[in-house]
Amino acid sequence: MLGPVILAASRSDRIRRLVSAAPVTKQVVDRFIPGESVDQVVPIVQDLTDRGLELTMDVVGEDITTPEQAAAARDAYLELVGRLKELDLGTRAEMSVKLSMFGQALDGGHELALANVRPVVEAAAAIGTTVTLDAEDHTTLDSMFAIHEELREDFPETGCVIQAYLHRTEADARRLAANGSRVRLVKGAYKEPAEVAYQRKPEIDKAYVRVLRILMEGDGYPMVGSHDPRLISIAQELGRRAGRKPAEYEFQMLYGIRSDEHLRLAAEGHRMRVYTAYGTDWYGYFMRRLAEKPANLLFFARSVLTKD
């Protein structure tokens, strides 16, 4: 499988330097990451919302090694909140955060991440929007769910992400659906051992459908994170069977992937939210997108081979 190989490459400084230096890299990265600063990405936000789409914004960067870097990540999100306030978009533009960026992996990381993310959640609520906590590797999830639960005491719209390929996820979905959480379901892209995660695509797809049924039949707000046409159709059918109107769940896809499908779903009356990342530390994000979808690697390879 290509995915684990690409994920290993995402942690290699040598490969990072090679990829970053390749002349074709920028044009490929620009497909997924529309800018490095808030100023560069604001026109993208305006364009997508003008076309009937919604967004979740991610400031990319996962390699946090000091409390000062974690505080800088917090401040970057607070800057984003300030700009979103000027656009007055309400919940049409929310934010996604990785707790690793807020210091979760450092000494005392649970408390540090909570202390850093809370001001972002507070600021988001003050302008009428919210924050979703992204899922990372399985060793971080108990901390993420505990922070999610604590934040929801004051900010019940705070969302979280669950990953279909993990064996634990059906139980997590039942708990979250019962307490009315906003939950994004994705397949999962981290390299996980067989004892905690399904390894084969058919198993993962079946798990995705089982978990999605739990969310659709529960009391929460499902967010369907997938580009797979079959899973999108299944989600629509499960929503109908559960008696959900199109506004009672949403689809989420990555910026730069299946953009025509974004517009088609929005035109049909579905809530369609585009996961839009920006920032200078793009390498890890870029490599993870390649790992999630091998077709993206083929796109990159063709670009390299056809470059003059």
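These are my notebook entries from going through a predicted model of this protein.

**Entry 1: overall layout**

I started with the secondary structure and got 13 helices and 8 strands. The chain runs to 308 residues, and buried ones make up 53% of them. Next I looked at how far apart in sequence the contacting residues sit. Taking contacts between residues at least 6 apart, I found that 72% join residues at least 24 apart.

**Entry 2: the cores**

I wanted the nonpolar interior next. In soluble globular proteins, nonpolar side chains tend to be buried together. Here the largest nonpolar core has 75 residues, and Y77, M95, V117, L133 and I162 are the ones with the most contacts inside it. Which helix gives the most to this core? It is α9, residues 201–217, with 8 residues. There is also another core lying apart from that one; it has 5 residues, including F32, L254, I257 and Y275.

I then picked M95 and listed what it touches, skipping residues up to four places away in sequence. From the earlier part of the chain I noted T56, M57, Y77, L80, V81 and L84. From further along I noted A124, T129, T130, V131 and T132. Y77 is on that list, and Y77 is also among the residues with the most contacts in the largest core.

**Entry 3: α5 against α6**

Two packed helices are described by the angle between their axes and the distance between the axes. I used that for three pairs, beginning with α5 and α6. Helix α6 covers residues 109–126, and its axis comes within 9 Å of the α5 axis, crossing at roughly 10°. That angle is under 35 degrees, so α5 is roughly parallel to α6.

On the α5 side I wrote down P67, A70, A71, R74, Y77, L78 and V81. On the α6 side I have L112, N116, P119, V120, A123 and A124. By class, this contact has 11 nonpolar, 1 polar and 1 charged residues. Y77 and V81 of α5 and A124 of α6 take part in this contact, and M95 touches each of these three as well.

**Entry 4: α4 against α5**

Helix α5 (residues 67–87) also packs on α4 (residues 38–50), at an angle of about 40° with the axes 11 Å apart. What does that make the pair, parallel or oblique? The angle is about 40°, and α4 and α5 are therefore oblique to each other. I also checked the hand of the crossing, which is right-handed.

From α4, the residues that meet α5 are V38, D39, V42, V45 and Q46. Their partners in α5 are E79, L80, R83 and L87. The class split here is 5 nonpolar, 1 polar and 3 charged residues. L80 is on the α5 side of this contact, and L80 also touches M95.

**Entry 5: α8 against α9, and D172**

The third pair is α8 (residues 169–178) with α9; the axes come within 9 Å and cross at roughly 10°. These two are therefore roughly parallel. Helix α8 brings T169, E170, A173, R174 and A177 to the contact, and α9 brings R210, V211, I214 and L215. I get 5 nonpolar, 1 polar and 3 charged residues there.

While on α8 I stopped at D172, which lies in this helix. Is D172 buried or exposed? It is buried, with a relative accessible area of 7%. Leaving aside neighbours within four places in sequence, D172 is in contact with F145 and I162. I162 is also one of the residues with the most contacts in the largest core. I checked D172 against V211 too: they are 39 residues apart along the chain, and their C-alpha atoms are separated by 9.2 Å.

**Entry 6: loops**

Most residues other than glycine have a negative phi, and most peptide bonds are trans. I noted two residues with a positive phi.

- D88 has a phi of about 55°. It is in the loop between α5 and β2 and is exposed, at 67% relative accessible area.
- R258 also has a phi of about 55°. It is in the loop between β7 and α11 and is partly exposed, at 28%.

Last, I looked at P156, in the loop between α7 and β4. P156 is partly exposed at 44% relative accessible area. Its C-alpha atom is 8.8 Å from that of R182, which is 26 residues away along the chain.

Key: Residues numbered from 1 in each chain as written. Predicted model: local features only at pLDDT ≥ 70, side-chain atom pairs only at ≥ 80, totals over all residues. Heavy atoms only, no water. Core = buried A, V, L, I, M, F, W, Y, C linked by side-chain atoms within 4.5 Å. Buried < 20%, exposed > 50% of the residue type's maximum accessible area, 1.4 Å probe, protein only. Helix = DSSP H or I, 4+ residues; strand = E, 2+ residues; numbered from the N terminus. Contact = heavy atoms within 4.5 Å. Axes fitted to C-alpha atoms, helices over the stretch in contact; angles between N-to-C directions. Parallel < 35°, antiparallel > 145°, perpendicular 65-115°, else oblique. Left-handed = near helix turned anticlockwise from the far one by under 90°. Nonpolar A, V, L, I, M, F, W, Y, C, P; charged D, E, K, R; others polar.
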